[in-house]
Amino acid sequence: MIHAFIKKGSFQDSVSLMLISRKLSDSPNVEEISVMMGTPANKSLLEVTGFWHPQFSSATPNDICVAIKTDSANDSITEQIGAALDAALKAIAQGQQGGKHLLKARSWRMARQKLPQANMVLISIAGEYAAGLADQALEDGCNVMMFSDNVSVEQEVALKTKARSKGLIVMGPDCGTANIAGAPMAFANIAPKGNIGIIGASGTGIQELTSQVTLAGQGISHAIGLGGRDLSAEVGGISAISALRMLAADPHSQVLAFVSKPPAEAVRQRIIEEMKSLGKPIVALFLGAKAPFKQDGNITFAATLDEAARLAAMLAHVQQMAAQQPAVCGSKISGLYAGGTLAAECAMLLADRLGVEADSTHQQGSMLNAEGHRIIDMGDDFYTQGKPHPMIDPSTRNQEIARLAQQPEVGVLLLDVVIGYGAQEDPARSLADTVKRVRANRGAAHPLAVIATVTGTEQDPQQRSKQIATLAEAGISVMNSLPEAVALASQLITPPPVGITDPIPPLLAGLSVINAGLRSFADDLQTNEIPVVHYQWAPVAGGNQRLANILKNLK
Amino acid sequence: MYASIEQANAAVIARIREARPHWQTVDLAKNLIPQLAQGRKLLHAGPPVAWQEMSGPVRGACIGACLFEQWASSEQQALALLENGEIEFIPCHNVSAVGPMGGITSANMPLVVIKNLVHGNYAYCNMNEGIGKVMRFGAYGPDVQARLCWMRDSLAPVLKDVLATFVDGIDLTAIMAQAITMGDEFHQRNIAASALLMRQLAPEISLLERDKIELVKVMQFLSITDQFFLNLAMAYCKAAMDAGAEIKQGTIVTVMTRNGKNFGIKISGMGDKWFTAPVNTPEGLFFSGFNQADANPDIGDSAITETFGIGGAAMVAAPGVTRFVGAAGGMSAATDISEEMAEIYLERNMMLQIPTWDFQGACLGLDARRVVETGITPLINTGIAHREAGIGQIGAGTVRAPLGCFEKAIEALAEKLGISA
């Protein structure tokens with residue numbers, strides 16, 4: 001049978017109450033206990049789950065409803081559980097003491113007053129009230145992250161449309177994760193600062209991307225959540241487009257990573273069109289959707305989260321290396337490779353990027369020769385007649401490099417350094433010297449960007465790290481892999497994108513958050529030194545609609 | 001007529017702010033309140049209440065008053081009068097007065113006379129009897145009677161003489177502005193204000209042409225009665241709130257009070273109409289030998305201090321009483337209380353700046369709308385009486401005003417203004 005009691009006028013968030021329900025359910029002589037605020041939705045849930053008690057009909061959304069399922073007919077169980085509930089609530093209150101004093105407010109007005117610069121409202125209150133609060137936030141010029149779910153699609157469209165018209169963004173409903181300007185919102189990971197901006201419909205997608213990007217040695221600028229329904233036909237990706245534009249205008253987000261489940265086709269096209277207009281390199285993952293191409297302009301399509309993360313990390317590294325290079329004057333790429341297979345892969349990758357054909361005849365070691373770009377296999381028979389292989393004797397390749405002094409149209413030189421048994425004692429040294437000479441001969445007016453990869457291990461006699469250090473010292477960009485090297489080379493000859501002249505979105509400069517709902521979210525923000533006020537939300541007039549309407553008119 | 005509730009409320013608050021209540025004199029109730037001049041009438045705290053509904057300590061105080069007025073010579077006689085309906089009851093608030101706890105006030109009890117010099121209105125309150133077995137907590141034994149007689153025959157005349165030496169009386173605002181920086185919130189704690197008051201009175205008392213022993217007794221009484229200022233603070237607040245109530249529009253709460261059965265409020269827009277809801281029982285710390293089960297439901301007009309914005313709302317000002325805020329109380333709990341209260345008051349009173357609140361002013365302008373909107377009910381610092389007559393004070397703590405009376409007031413005002421839900 002069900003025993004029940006109501007604790008009047010004591011608002012608690014639902015997660016705290018769920019934890020308390022679980023704890024109290026372990027009490028002796030009890031089958032199960034349900035502890036909920038008396039909102040209309042919760043009341044019907046109590047009914048459906050077999051916890052209903054007639055007492056609850058008088059409960060308001062400000063009252064805690066406690067239903068005890070037990071075999072015992074003894075009424076004293078309510079007293080016993082009542083005492084346990086009080087103890088649990090007290091424990092929460094005490095847990096909230098100590099440490100830096102968290103700013104708290106019980107009304108929207110007071111929350112605004114305590115944090116006038118607030119620009120974000122994090123909402124984790126019951127879904128039936130979430131839209132109303134989000135609307136209030138937008139009305140007052142705040143962006144919104146709705147952790148809450150059970151918000152109707154009509155409400156979502158209305159809120160997002162309103163946000164767009166005010167230059168704001170609504171993340172969610174059902175948006176679990178965001179991390180903007182170092183402010184962890186709801187479920188968020190601590191990632192190093194970096195230049196990858198993440199946009200994700202799903203919470204765990206953003207979390208996995210963030211964590212894989214970190215594993216790959218890169219960091220993130222911002223992570224913007226959208227909620228699971230943003231890319232549906234009904235919502236049309238309103239927030240996705242806002243997020244893309246925000247990050248496009250953000251100088252710290254040099255690479256964008258976008259993850260979602262497959263969107264409605266029309267929405268997908270709209271999103272891709274938007275992505276193309278941004279100019280920045282973007283890794284897009286529409287989970288489960290087969291991409292017709294791997295690359296479409298500035299968009300690279302990934303098939304899995306880890307692939308998306310690796311691609312984003314690679315592009316991030318390319319951006320970092322590109323930033324260290326002077327602007328190239330010649331727009332042609334020349335690749336002089338000691339390794340044949342390396343030359344072949346380089347040619348293939350570059351042909352893909354530039355949209356040209358690789359050279360299939362391989363005349364005189366030419367692996368690619370198109371529009372002035374050339375990739376040569378210096379180990380081809382043409383170059384090794386009567387001469388040792390360039391892995392043993394660098395002189396032929398060095399002569400080729402020296403000739404670049406007379407080819408100012410070549411702005412980027414791609415090289416490989418192959419070490420190990422059998423190879424030269426110190427190939428990096430002779431390359432570094434040659435590069436220095438050719439740069440001197442070209443003069444300051446004709447800079448030459450040199451990009452190298454190193455094939456070999458730390459245990460090899462030449463020692464990988466030493467070789468890299470020698471190259472780096474000579475101003476040669478050492479990349480981790482050929483795809484990276486090729487991506488950097490093509491990046492350097494591509495003129496910087498134009499058109500992104502939007503001002504930096506103020507939101508990305510720093511968050512000040514009003515947190516409505518789960519207290520722990522506010523604590524996390526405070527720990528990260530983000531200005532936050534915890535709005536202990538409760539329905540107006542305890543959910544009494546009649547009084548709420550009167551108050552609205554009593555001005 | 002004001003065009004909006006906002007404007008009306010602003011006008012109410014402006015008058016509360018402008019009010020300058022001064023303590024002018026002391027006189028017998030019958031000389032101040034015409035209703036008490038004739039017949040057997042008693043003032044009581046809270047909204048109207050009949051003898052049959054009165055709680056133990058209030059009944060005890062009624063018996064005490066009957067004995068004091070010599071309408072009866074024994075407890076039994078007094079009870080018979082009261083049971084037979086031969087005593088008429090009037091709420092203090094209806095006659096410009098306030099009374100602590102039971103608030104029982106009779107014709108020959110001396111009252112402090114507070115005049116609001118700005119608006120010209122008066123407010124009255126009896127004088128604090130000290131602690132222990134006292135009438136306001138329902139005790140009525142011979143020692144209580146003896147003290148009441150001394151207050152009438154000796155304390156009141158001395159104070160009257162002393163106050164006559166002050167032009168316009170004593171400026172209570174000036175004392176309160178200092179005392180709040182010294183840790184008083186003027187409900188649970190008045191020791192600083194009482195001492196500051198004594199500092200003004202003592203030299204003048206010593207100069208009176210009266211029996212030296214009598215003067216020493218008065219000085220001794222004032223020097224040990226920590227809550228002496230409470231009754232002045234209550235009349236101060238009553239004078240200020242009555243000045244505000246004259247606007248007769250808006251949603252500012254002008255009275256909050258309790259009679260042991262009901263909690264009653266008035267709001268500026270509904271004139272003298274009472275709105276009531278069942279009163280809560282205070283929780284707090286008890287003198288040894290007593291516990292929560294002994295506690296009487298909340299009584300007294302002293303919640304006029306919270307109506308004005310001090311007392312519980314100014315808890316943060318009084319580190320000395322923060323322990324009354326529940327067992328885990330401390331400075332941060334006190335801050336939380338005042339921060340919470342700030343949600344339901346419209347403005348701040350910069351005459352009462354609170355150092356422990358970063359010199360923010362005390363709350364001002366309790367808005368019934370905000371109470372209903374947020375469900376935050378005023379927290380009242382209060383003494384706790386034993387539920388049986390004759391025992392007196394058993395502890396002190398806090399109690400919440402019930403939400404229901406604020407909801408009723410808002411509903412009534414909406415109806416009056418023709419606002420539909």
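## A walk through a two-chain model

Let's start with two neighbours in chain B: R369(B) and D367(B) are both buried. Their side chains meet in a salt bridge, with 2.9 Å from N to O. Keep in mind as you look around that this is a predicted model.

Salt bridges can also come in groups. Over in chain A, E156(A), K160(A), R229(A) and D230(A) are joined into one network by salt bridges that share partners. Search the whole structure, over all chains, and you get 38 salt bridges.

Let's pick out a couple more of them. K8(A) and D63(A) bring their side chains together in a salt bridge of 2.9 Å, N to O. Where do these two sit? K8(A) is in the loop between β1 (2-7) and α1 (14-25) of chain A, while D63(A) is in the loop between α2 (40-48) and β3 (64-69) of chain A, so the pair ties together parts that are 55 residues apart in sequence. Is K8(A) buried or exposed? With a relative accessibility of 53%, K8(A) counts as exposed, because the cut-off for that label is over 50%. Its partner D63(A) is buried, at a relative accessible area of just 2%. So this salt bridge pairs an exposed residue with a buried one.

Next, find D296(A) and K276(A), whose side chains form a salt bridge of 3.0 Å, N to O. This pair, too, links distant parts of the chain: D296(A) belongs to strand β14 (residues 295-296) of chain A and K276(A) to helix α9 (residues 265-278) of chain A, 20 residues apart. K276(A) has a relative accessible area of 41%, so it is partly exposed, a label for values between 20% and 50%.

Now zoom out to the domains. Chain A is divided into domain 1 (2-93), domain 2 (125-321) and domain 3 (329-492). Let's look at how domains 2 and 3 of chain A meet. Their C-alpha centres lie 38 Å apart, and the contact takes 7 residues from domain 2 of chain A and 10 residues from domain 3 of chain A. Together, the two domains bury about 710 Å² between them, and carbon and sulfur atoms give 65% of that area. Which three residues do most on the domain 2 side? They are M314(A), V318(A) and M321(A), which supply 63% of the area that domain 2 of chain A buries against domain 3 of chain A, more than any other three residues.

What kinds of polar links cross this boundary? The count between domain 2 and domain 3 of chain A is 0 salt bridges, but 2 residue pairs are in polar contact across the interface. On the domain 2 side of chain A, helix α10 (residues 305-323) gives the largest share of the residues touching domain 3, with 6 residues. That side is made up of 4 nonpolar, 3 polar and no charged residues.

The boundary between the two chains is our next stop. Here, 28 residues of chain B are in contact with 24 residues of chain A. The chains bury about 2,300 Å² between them, with 56% of it on carbon and sulfur atoms. From chain B, the top trio is E343(B), E373(B) and A421(B), supplying 25% of the area that chain B buries against chain A, more than any other three residues.

How many salt bridges link chain B and chain A? There are 5 across this interface. One that you can look up joins K114(A) to E339(B), with the closest N and O atoms 2.2 Å apart. The chain interface also has 11 residue pairs in polar contact. On chain B, the elements giving two or more residues to the side that touches chain A are α1 (5-18), α11 (331-342), α12 (368-374) and α13 (403-416). In all, that side of chain B divides into 12 nonpolar, 6 polar and 10 charged residues.

Let's finish with two single residues in chain A. N515(A) is part of strand β22 (residues 513-516) of chain A, and it is buried, with a relative accessible area of 0%. What surrounds N515(A)? Leaving aside residues up to four places away in sequence, N515(A) touches L122(A), F521(A), A522(A), V532(A), V533(A), H534(A) and Y535(A). With H534(A), there is also a polar contact of 3.1 Å between the side chains.

S395(A) is in helix α13 (residues 395-403) of chain A. At 27% relative accessible area, S395(A) is partly exposed. Its C-alpha atom is separated by 9.7 Å from that of T434(A), a residue 39 places away along the chain.

Conventions:
Residues numbered from 1 in each chain as written. Chains lettered and ligands numbered in written order. Predicted model: local features only at pLDDT ≥ 70, side-chain atom pairs only at ≥ 80, totals over all residues. Heavy atoms only, no water. Helix = DSSP H or I, 4+ residues; strand = E, 2+ residues; numbered from the N terminus. Buried < 20%, exposed > 50% of the residue type's maximum accessible area, 1.4 Å probe, protein only. Domains from an automatic or database assignment. Contact = heavy atoms within 4.5 Å. Buried area = accessible area lost by both parts, 1.4 Å probe. Salt bridge = Lys/Arg side-chain N within 4 Å of Asp/Glu carboxyl O. Polar contact = N/O pair within 3.5 Å; in protein donor to acceptor, adjacent residues only side chain to side chain. Nonpolar A, V, L, I, M, F, W, Y, C, P; charged D, E, K, R; others polar.
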